[in-house]
Amino acid sequence: MMSSPIPHQQTIAAVATAVAPGQGGIAVVRLSGPAAEVVGRSVVSIPGQQLWASHCVLYGHVMDESGKERIDEVLVLLMKGPRSFTGEDVVEIHCHGGLMAVQRVLERVLAQPHVRRALPGEFSQRAVLNGRLDLTQAEAISELVAARSRRAAQLAMTGVDGGIQRRITSLRERLLDQLSELEARVDFEEDLPPLDGAELLVELQRVRRELEQLVEDAKRGDVLRQGLQVALVGRPNVGKSSLLNRLSRRERAIVTDLPGTTRDVLESEIVLEGVPITLVDTAGIRATQDALEQLGIDRSHQALAAADVAVLVFDLSLGWTSEDAALLAQIPDDLPRLLVGNKADLQPASMAASLGNQVDGKTVDVMLSALTGQGEEALIEAVLKTCGASEAQGLVVALNQRQQDLAATAAIALSRSQEAAEHQLPWDFWTIDLRQAISSLGEITGEEITEAVLDRIFSRFCIGK
C-alpha cells in the first residue's frame with residue numbers, strides 16, 4: 001500500500017490572480033510539487049510538435065474529463081525546480097479571466113490524483129522552506145500585494161529586494177561575534193586575554209539603539225501600510241460633503257467611493273502624499289428623537305472612536321457658533337483634531353490667506369474653500385502632520401508588526417546587559433540575554449523559527465500566494 005506523501009511533497013494548486021466578473025482578461029492557475037508536470041500534461045492538450053521544456057510557453061486547451069470538450073484556450077508555462085518561485089516543479093496555466101472559465105480549469109486540476117487545494121500563503125511558505133526566499137522577503141511580497149499606495153509598495157519592494165534581511169542579519173552577526181567572545185571566556189578564560197567589558201557593553205548598546213530606531217521607523221511605516229481614518233465633523237451645510245468631494249476628485253488621490261444616505265456615514269478612500277486615508281463624512285451629531293437619525297448619530301460616534309484625527313468643519317461666513325462648540329466637546333479628548341473654517345472664498349483675502357486666524361475667540365488651523373480649492377494643500381499638510389504621517393516620507397526600511405515585536409524583544413534583552421555590567425555579574429549571565437536577542441533576530445529572518453510559527457505567519461497570506 002502506497003503511503004501518503006508528506007505535506008511538502010504533495011502537489012498543490014490554486015488560482016494565483018484576482019478573479020472577478022469582467023475584471024481582468026487573464027487568470028493564472030498555479031501548481032507546485034512533484035506531480036505538477038504530470039497534472040499539466042493530463043489536463044492540457046498541446047497540439048502539434050510543441051515540447052514540454054522548462055521555462056517555455058506552450059499553447060493548448062484544457063479539456064474536460066472525456067477529452068472531447070474544450071473548457072478553455074490556454075497558455076502553459078512549466079518551470080522545473082529549483083528554478084521556480086517555490087523551488088519545486090511549477091506549472092502555470094494562463095486561462096481567460098472571469099469566474100466560470102478559471103473555476104472549471106481549477107476543478108479539472110484538483111480532480112487529478114495527488115493534487116489538493118493550496119492553503120493561504122502555501123506557495124510562499126514552500127519558497128521559504130526550500131531556500132528560494134527568506135522569511136522577510138516572503139512577508140514583503142504579501143505586503144506588496146496588499147499595498148494601498150505607491151509609497152507602501154516602494155517600502156514593500158525594499159523588503160522583497162532583501163533590505164530588511166540584510167539589516168537584521170548584519171545586527172545579528174555583530175551579536176554573534178560578541179557571544180563567541182563571551183562563551184570563549186566562560187570556557188577558557190584562564191587561557192585568553194581579559195575581555196574588555198566596557199567595550200563589549202558599548203557595542204551591545206549600539207545594536208540596541210539601532211534596533212530601537214528600526215522599531216520607531218516601523219511605527220511610522222505602519223501609517224503607509226494601514227492608512228489613516230479621518231473623521232469630518234460639522235453642522236449641516238458647513239461643507240463637509242463638498243470637502244470630501246473636493247479631496248476625492250483629485251486624480252492622484254481617489255481610489256473608491258462608498259455611497260450612503262444623508263443620515264448615514266459616508267466614506268471615501270483616497271491617497272494623499274502616498275498615505276492611504278479613509279475620509280469619513282459623519283452624520284450630524286445632535287440630540288434627536290428620530291430612531292433612524294439616532295442610528296446614524298451612533299455610527300458617527302463609532303467613526304470618531306475609530307478615527308486617527310477629527311476635522312471639525314465650520315462655516316466662516318457664520319462664524320463660530322454654540323453648535324460648533326457643542327460638536328467640539330463631543331470629540332474625545334485624546335483624539336487629535338483640526339479646526340477648519342470653510343467658505344473662505346466668502347471672506348476678505350487678507351483674513352483667509354494665513355493659518356492661525358482667530359475667529360470668535362477660536363484659533364482656526366486651516367481656512368479653505370471646498371468650492372474653489374483655496375487652502376486645500378494647507379489642509380492636506382495639516383492632516384498628515386497631525387497624524388504623524390509626514391514623518392514617514394523618508395523611510396527606506398520598515399518592519400511589519402511581527403518583526404517590530406521581535407526587534408523590540410531583542411532590544412529589551414540587550415538593555416539587560418547594562419544591569420549585568422552594573423552588578424558585575426559573571427560572563428555566563430551576559431550570554432543568557434545575548435542568546436535571547438540573537439534568537440529573536442533569527443526569528444525575523446526565519447533562521448530560528450518553528451514550522452508551527454511559519455504556518456501561523458503564512459495563514460494570513462492570500463490563497464495563491
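Strand 3 (44–45) and strand 4 (residues 56–63) run antiparallel to each other and pair over 2 bridges; two strands pair if DSSP finds at least two bridges between them. Here, helices (H or I, at least four residues) and strands (E, at least two) are DSSP runs, numbered from the N terminus. One bridge joins Ser 45 to His 61 in strand 4. This is a predicted model, where local features need pLDDT of at least 70 and side-chain atom pairs count only at pLDDT 80 or more, while totals for chains, interfaces and linings use all residues. Residues are numbered from 1 along each chain as its sequence is written, and side-chain values use heavy atoms, leaving out hydrogens and water.

Now zoom out to the sheet. Its 7 strands are ordered 3-4-5-6-2-1-7, and this open sheet has mixed pairing. Strand 3 and strand 7 (115–117) sit at the edges with a single partner strand each, so one side of each has no neighbour in the sheet. In general, strands of a sheet pair through backbone hydrogen bonds.

Two loops deserve a look. The loop between strand 3 and strand 4 holds His 55, which has a positive phi of about 60° although it is not a glycine. In the loop between strand 5 (70–79) and strand 6 (90–96) you'll find Pro 82, and the peptide bond from Gly 81 to Pro 82 is cis, with omega near 5°. For background, most residues other than glycine have a negative phi, and most peptide bonds are trans.

On to the helices. Helix 7 (residues 197–226) has 30 residues and spans 43 Å from first C-alpha to last, close to the expected 44 Å; that expected span is 1.5 Å times one less than the number of residues. Helix 7 also bends by about 30° at Arg 220, the bend being the angle between axes fitted to the seven residues ending there and the seven starting there. Right after helix 7 comes Gly 227, with a positive phi near 80°.

Two helix pairs can be set side by side. Axes are lines fitted to C-alpha atoms over the stretch in contact, with angles from 0 to 180 degrees between N-to-C directions.

| Helix pair | Axis distance | Angle |
|---|---|---|
| Helix 4 (residues 135–146) and helix 14 (residues 427–445) | within 6 Å | roughly 50° |
| Helix 8 (residues 240–248) and helix 12 (residues 376–387) | 12 Å | about 90° |

Angles of 65 to 115 degrees count as roughly perpendicular, under 35 as roughly parallel, over 145 as roughly antiparallel and the rest as oblique. Helix 4 and helix 14 are therefore oblique, and helix 8 and helix 12 are roughly perpendicular.
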